Amino acid sequence: MASTNYNVAIIGSGPGGYVAAIRAAQLGAKVAIVEKQYLGGTCLNVGCIPSKAMLHIAEVMHSMSSLGELGINLSQPPTFDMRQAVVFKDKVVKRMTSGVGTLMKGNNVDVYDGLGTVDGSHGVTVSKNGESQQFSADKIILATGSVPLMPPFPGIDGKNVMNSDTCWNLPKTPESLICVGGGVIGMELACMFNGLGTKVTVLEMLPTILAPLDEEVRRLLVRTLTKRGIDVVTGAKVESITDDGDMKKVIAQTDKGEQTFTGEYVLMAVSRRANTSGLDQLMEQGLDNDRGRVRVNEKMETNLPGIYAIGDLVHGAGLAHVASMEGEVASDNAMGHSTVMNYDVIPNPIYTFPEVAFVGLTEAQAKEKNPEVRVERFPWSANGKAVAIGETEGFTKVILGKYDELLGAHIIGPDATNLVSEYSVAMRGELTAEELIETIHPHPTLSEGLREAILAAEGRPIHIPPKKQLTRTR
């Protein structure tokens, strides 16, 4: 019998879970959070954060090749020490996860260490090392996240076959690597290893990599990755992985028939699946789901009373910042407020080399809805800041509707993942192109390209318009 009762309990402490816990506590709830492995979840420990640290190192390594053009000459070529890079990555991860622990303590959230098992009567059992604790909660938010999907083909469990959770602590840089999967995770990791000096081949089953991307952006990205030495093979269905001495051999059916690809390591990055550990009783009691992905409404409510679900456990964007917003929405509703989740304006960052980011509709999606939409782009080769830093391969693209409303924005180039936020804010505020120009004028960074792309879409000469007071009412 549970002796302790909480207003809200969260199962999982990733970006969705710990934000939900903080939000509930801020609303006056007595809150518990359960974590079976590590505070911060996949994102902080083996996902977003370690990847950003290693991608940073990889980009610095890649930039060394052009230092001579800037008048910077090294007495000898730089060398890379994977072990030291792992130490740096671990320091970053420890700092971020320690911060989560501090936030839990500062908001008086009780942290339970172990696997949380939930039943339909809102009882929670936390088990670890043969011991268990029990408590109950008025409302429960499921935030158990996801785990790598490992397809059941021969050789998947062999030596030197890793996934996006297990590729972070290698003793040395692989000489070659076969990346199975050309989605966001696969392409980011392919860029990381390529930047560190690994020969990378990407095998993607679909006709294209990064399926959600605008086609024009994808074409430029593939060209750039190819120039960097990454081989991308699409339409490749992997059938098996075998050993070939000290190497791994991947056999795949392609448009050219059966082909064999050889590398020192194989990285499985095909997708991720919902982590349903501890949810068996809820599933038996009718928790609505699609192959593990829990179905929710706009309030993040499941079909079971008082049970909410967020993050990678539900169908959605699979992004940390989206999970955090879902966590806030779930906690608001759990505490008696009425809040709904809006997925219409979500910035999508992709940390490839170069970076890609987008928000809203692609050109094809927009034209399917309305053939009269206007689409314009501004090349970074004509942008002063881009030329000055030697990063001219990229462009900004905007899609405008009948009333000059922003329907979509796409950026490819350095720092695209930060620049896209201006468009996200504009679309959230329902600004027109004219109002966005006024908002970012005059901007001293690469946002110059954002303004110029909009001016081009308006059919006007590129210049800095005079300031004027916005007088919009709704």
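**Asking about the labels**

Me: Why is Glu-435 called buried?
Reply: Its relative accessibility is 10%, and buried means under 20% relative accessible area, with exposed over 50% and partly exposed in between (1.4 Å probe, protein chains only). So Glu-435 counts as buried. Bear in mind that this is a predicted model, where local features need pLDDT of at least 70, side-chain atom pairs count only at pLDDT 80 or more, and totals for chains, interfaces and linings use all residues. Residues are numbered from 1 along each chain as its sequence is written, and side-chain values use heavy atoms, with hydrogens and water left out.

Me: What makes the link between the side chain of Glu-435 and Thr-432 a polar contact?
Reply: The side chain reaches the backbone nitrogen of Thr-432 at 3.0 Å. A polar contact is a pair of N or O atoms within 3.5 Å; within protein, one must be able to donate a hydrogen and the other to accept it, and residues adjacent in sequence count only if both atoms are side-chain atoms. Glu-435 itself sits in helix 12 (residues 433-440); helices here are DSSP runs of H or I with at least four residues, strands are runs of E with at least two, and both are numbered from the N terminus.

Me: And why is Glu-301 called partly exposed?
Reply: Because its relative accessible area is 28%, it falls in the in-between class. You'll find Glu-301 in the loop between strand 18 (293-294) and strand 19 (307-309). A 2.8 Å polar contact joins its side chain to that of Asn-297.

Me: Which residues does Glu-301 touch, leaving out those up to four places away in sequence?
Reply: Arg-295, Val-296, Ile-307 and Tyr-308. Contact means heavy atoms within 4.5 Å.

Me: How do you know that helix 4 has close to its expected span?
Reply: The expected span is 1.5 Å times one less than the number of residues. Helix 4 (residues 82-106) has 25 residues and reaches 36 Å from first C-alpha to last, close to the 36 Å expected. At its N-terminal end, Asp-81 acts as a cap, with a side-chain oxygen 3.0 Å from the backbone nitrogen of Arg-83.

Me: What makes a set of residues a nonpolar core?
Reply: The members are buried Ala, Val, Leu, Ile, Met, Phe, Trp, Tyr and Cys residues joined through side-chain atoms within 4.5 Å. The largest one here has 54 residues, and Ile-10, Phe-135, Ile-140 and Leu-142 touch the most other members. Helix 1 gives the largest share of this core, seven residues. Another core, of 40 residues, lies apart from it and includes Ala-190 and Phe-353.
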